[in-house]
Amino acid sequence: MRPVQGGGAMLRLEKRPSPSRFWQWATPVLAVLLTMIAGGIMFALLGKNPVEALRTIFWDPLFNAQFASYSRPQLLVKAGPLILIAIGLSLGFRAGIWNIGAEGQYIMGAILGAGVGLAFYPAEHWFIFPLMVVAGALGGWAWAMIPAILKTRFNTNEILVSLLLVYVAQNILASMAVGLLRNPEGGGFPGSRSLSKYAASSNPELIAGTGMHWGVVAAFVAVIGAYVLLQRHILGFHIKLAGQAPRAARFAGVNPQRLVVLCMGISGALAGLAGLFEVTGPAGQISIDFNVGYGFTAIIVAFLGRLNPIGILLAGLLMALTYIGGELAQFMLGLPAAAIQAFQGMLLFFLLAVDLLTNYRVRLAARKEAA
Amino acid sequence: MFGGIDPSLLIASLIVASVPIILAAIGELVTERAGVLNLGVEGMMIMGAVCGFIAAVTTGSAVLGFLGGALGGALLSLIFAVLTQFLLANQVATGLALTLFGLGLSSLLGQSYVGIKPPLTPALPFGPLADIPFFGKVLFSHDWVVYFSVASVAAVWWVLKATRTGLVLRAVGESHDAAHALGYKVVRIRIGAIVFGGAMAGLGGAYVSLVRVPQWTDGITAGAGWIALAIVVFASWKPWRALIGAYLFGGITVLQLNLQVAGARIPVEYLSSAPYLITILVLVIMSSAKGRGGRGKVALNAPASLGQNFHASR
């Protein structure tokens with residue numbers, strides 16, 4: 001038996017001493033290109049013209065004279081929550097803390113925030129909306145604290161707990177939409193009062209025609225905050241250290257439990273904020289299905305942005321484009337909505353695949369016979 | 001106590017409810033014993049559910065449907081295998097990608113199959129055995145997949161415990177470097193384990209769409225894959241405990257459904273959360289149970305190389 005793996009292989013992987021800076025930025029671009037090719041093949045299999053489909057998804061929303069005026073503002077509307085959630089997730093992912101239940105934290109933030117707002121209905125006070133924002137962050141934070149505390153106290157796997165809590169949050173949302181938060185003047189239909197039409201609780205478009213609302217502002221603030229945190233603050237250094245060299249981190253005095261609570265808390269609070277801004281703005285009310293999976297798509301955004309704040313900003317905009325373009329393709333070409341979801345999943349696959357180039361050199365090796 | 005429901009019927013439906021979880025959990029257990037953490041169980045299950053449904057409806061045969069389900073799950077797991085074993089991608093991220101992709105692709109494949117009834121999977125004919133009071137209903141009233149699921153637990157237990165294949169598989173999971181030094185093909189063995197896990201998850205998914213529900217709707221597996229993952233932890237990577245865990249879960253599912261039907265005073269939405277909450281509770285109990293040396297029992301029993309990628313330096 002030869003201990004040489006894949007004896008006759010012509011390609012050999014050689015670990016780089018340190019990750020390649022070039023490929024770190026080139027891999028996301030390469031992954032997007034590969035996804036476009038593979039996606040084009042998928043669209044062709046669905047009987048659509050691949051070039052037309054790709055143009056409808058990536059070009060028309062921005063530059064087609066007929067659609068751009070509607071689509072361009074949507075870019076910020078959709079990118080806002082994605083970026084806000086992904087920034088929070090990226091901090092934990094960097095430290096090796098896997099919060100994948102952002103969807104649940106997003107829902108709970110929206111419920112708690114909306115609940116606070118509706119408790120004041122129909123009063124008009126300036127402080128109602130700020131109070132709702134705080135409640136939204138608190139709701140997401142509290143929901144994320146469950147897996148965090150269980151992990152630090154009982155060593156429970158945070159991946160499973162945070163994910164399972166998404167299903168619980170969805171059940172709570174269903175109960176709220178038909179029960180406690182249901183619009184008493186809604187004729188028995190599920191769903192709360194409109195938060196976007198109640199002036200004290202609405203999260204309006206700040207500059208007409210841009211799609212900019214408070215959630216987008218919060219997303220930009222989060223990007224800057226995360227950038228400063230990671231570049232300039234000791235906590236950012238600890239997060240990076242804990243992910244790259246857990247043993248060294250312990251010797252450097254990093255408290256892993258504190259890091260879990262902090263990272264989960266920040267990501268939960270940001271996801272909760274995203275939920276609150278969505279439910280007071282674009283979604284407008286608490287309904288059974290106001291959540292459209294931003295919490296899961298944000299995981300793709302975080303990785304596509306290489307867990308880097310600036311990268312996440314760009315990745316969030318790109319991902320928002322696939323949502324808008326996907327809707328347009330659905331409307332214009334009859335492309336099924338699920339095709340876009342599969343397309344987004346594909347993007348993550350290609351990203352993970354080409355990431356190899358960052359950490360390894362691919363060498364052509366002469367066929368060596370075992371001595 | 002159970003709202004006037006026949007207890008034998010309750011146990012019988014508990015057994016049926018846990019079949020998808022057993023199949024997926026036992027597959028994932030083998031994958032994890034080989035040192036690979038595949039978090040894509042939910043994605044593989046739902047691919048199995050849609051592929052099994054399509055195969056069964058087109059061929060008119062439920063058996064071919066289950067084969068199609070296993071094939072669908074196995075094919076998706078092959079993507080995971082290539083990414084993690086050859087391209088050395090992070091296993092947690094790749095598993096999540098598998099679930100996201102599987103959910104999208106399944107709803108794409110299944111869109112023209114909504115509202116169709118699949119061919120029936122009949123109960124096995126046990127003749128007079130099925131008429132035995134109580135035990136006839138509990139033990140001899142099921143379709144073949146139910147017996148197959150229990151048999152697969154027994155088979156996995158025997159292979160892991162008593163065969164050379166099982167020993168090599170465990171060696172690869174405990175220390176891939178040592179296994180490699182001994183000349184075992186770590187990557188090849190792991191790919192085998194991943195594909196087995198995918199096929200079993202696919203089979204479990206097919207059981208959901210062909211027997212449990214039986215129809216196709218988007219997101220039909222509703223987190224069963226995640227619960228299967230939790231049950232592997234609950235079972236401390238031991239096959240028979242996975243069976244117990246799955247039955248426990250099935251029992252809670254059936255009980256809450258019966259409470260819903262019986263019109264219990266607890267709202268439906270909270271009852272539906274019970275299986276997830278109890279899974280979390282069980283995870284907490286298992287993770288905090290202290291073994292030797294004060295470390296959590298789970299941490300002690302987990303395969304030592306779980307989740308780590310293997311790259312032969314020469």
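What follows is a chat between a visitor and a guide about a predicted model of two chains, A and B.

Visitor: Before we start, what ipTM does the model score?
Guide: Keep in mind that this is a predicted model. It scores pTM 0.87, and its ipTM is 0.84.

Visitor: And chain by chain, what pLDDT does chain B average?
Guide: Let's take chain A on the way: it averages a pLDDT of 86, with 95% of the residues scoring at least 70. In chain B, 94% of the residues score at least 70. The chain B average is 87.

Visitor: Which element of chain A has the highest mean pLDDT?
Guide: Start at the other end of the scale: strand β1 (residues 11-15) of chain A has the lowest mean among the elements of that chain, at 78. The highest mean is 94, and it belongs to helix α6 (residues 128-154) of chain A.

Visitor: Where in chain A does pLDDT stay under 50?
Guide: Look at the beginning of the chain. For this stretch the model has 12 contacts beyond four places in sequence. The stretch with pLDDT under 50 is residues 1-8 of chain A.

Visitor: On to the contact between the chains: how many residues does it take from chain A?
Guide: Chain B gives 47 residues to the contact. On that side, the elements giving two or more residues are α3 (62-86), α4 (91-110), α8 (176-181), α10 (224-234) and α12 (268-288) of chain B. By class, the chain B side has 30 nonpolar, 15 polar and 2 charged residues. From chain A, the contact takes 42 residues.

Visitor: Which residues of α10(B) make the contact with α7(A)?
Guide: The axes of α7(A) and α10(B) come within 10 Å and cross at roughly 145°, and the crossing is left-handed. The α7(A) side is A:Leu160, A:Leu163 and A:Leu164, and the contact residues divide into 6 nonpolar, no polar and no charged. From α10(B), the residues are B:Trp226, B:Leu229 and B:Ala230.

Visitor: Why is α7(A) described as largely enclosed by the rest of the structure?
Guide: First its length: helix α7 (residues 158-178) of chain A has 21 residues, which should span 30 Å at 1.5 Å a residue, and its end C-alpha atoms are 30 Å apart, so the two agree. A residue is buried if 20 or more other C-beta atoms lie within 10 Å of its own. The helix is largely enclosed because, of its 21 residues, the number buried is 19.

Visitor: And in helix α9 of chain B, how many of the 27 residues are buried?
Guide: Helix α9 (residues 186-212) of chain B reaches 37 Å from its first C-alpha to its last, close to the 39 Å expected. α9(B) is largely enclosed by the rest of the structure, so you can guess at a high count; the number buried is 23.

Visitor: Inside chain B, is the crossing of α2(B) and α3(B) left-handed or right-handed?
Guide: The axes of helix α2 (residues 41-59) of chain B and α3(B) come within 6 Å and cross at roughly 145°. The residues of their contact divide into 17 nonpolar, 10 polar and no charged. The crossing is right-handed.

Visitor: Any odd backbone spots? Which residue does a cis peptide bond join to A:Tyr121?
Guide: Go to the loop between α5 (102-120) and α6 of chain A. Omega is about 0° at this bond, and the residue joined to A:Tyr121 is A:Pro122.

Visitor: Is A:Leu307 buried or exposed?
Guide: A:Leu307 is in the loop between α12 (294-304) and α13 (309-333) of chain A, and its phi is near 60°, a positive value in a residue other than glycine. There are 21 other C-beta atoms within 10 Å, and the cut-off is 20 or more, so A:Leu307 is buried.

Visitor: What is phi of B:Trp237 near?
Guide: B:Trp237 is in the loop between α10 and α11 (239-261) of chain B. It counts as buried because it has 22 C-beta neighbours inside 10 Å. Its phi is positive, in a residue other than glycine, and near 65°.

Visitor: Last one: what distance separates the C-alpha atoms of B:Gln308 and B:Leu88?
Guide: B:Gln308 is in the segment after α13 (297-301) of chain B, and it counts as partly exposed, with 14 C-beta neighbours inside 10 Å. Along the chain, B:Gln308 and B:Leu88 are 220 residues apart. Their C-alpha atoms are separated by 9.5 Å.

Note on methods: Residues are numbered from 1 along each chain as its sequence is written. Chains are lettered from A and ligands numbered from 1 in the order in which they are written. This is a predicted model: local features need pLDDT of at least 70, side-chain atom pairs count only at pLDDT 80 or more; totals for chains, interfaces and linings use all residues. Two residues are in contact if their C-beta atoms, placed from the backbone, lie within 7 Å. Helices (H or I, at least four residues) and strands (E, at least two) are DSSP runs, numbered from the N terminus. Ala, Val, Leu, Ile, Met, Phe, Trp, Tyr, Cys and Pro count as nonpolar, Asp, Glu, Lys and Arg as charged, and the others, Gly among them, as polar. Axes are lines fitted to C-alpha atoms, for helices over the stretch in contact, and angles run from 0 to 180 degrees between N-to-C directions. A crossing is left-handed if the near helix is turned anticlockwise from the far one by less than a right angle, and right-handed if clockwise. pLDDT is the predictor's confidence in each residue, from 0 to 100. The expected span of a helix is 1.5 Å times one less than its number of residues. A residue is buried if 20 or more other C-beta atoms lie within 10 Å of its own, exposed if 12 or fewer, and partly exposed in between; C-beta atoms are placed from the backbone.
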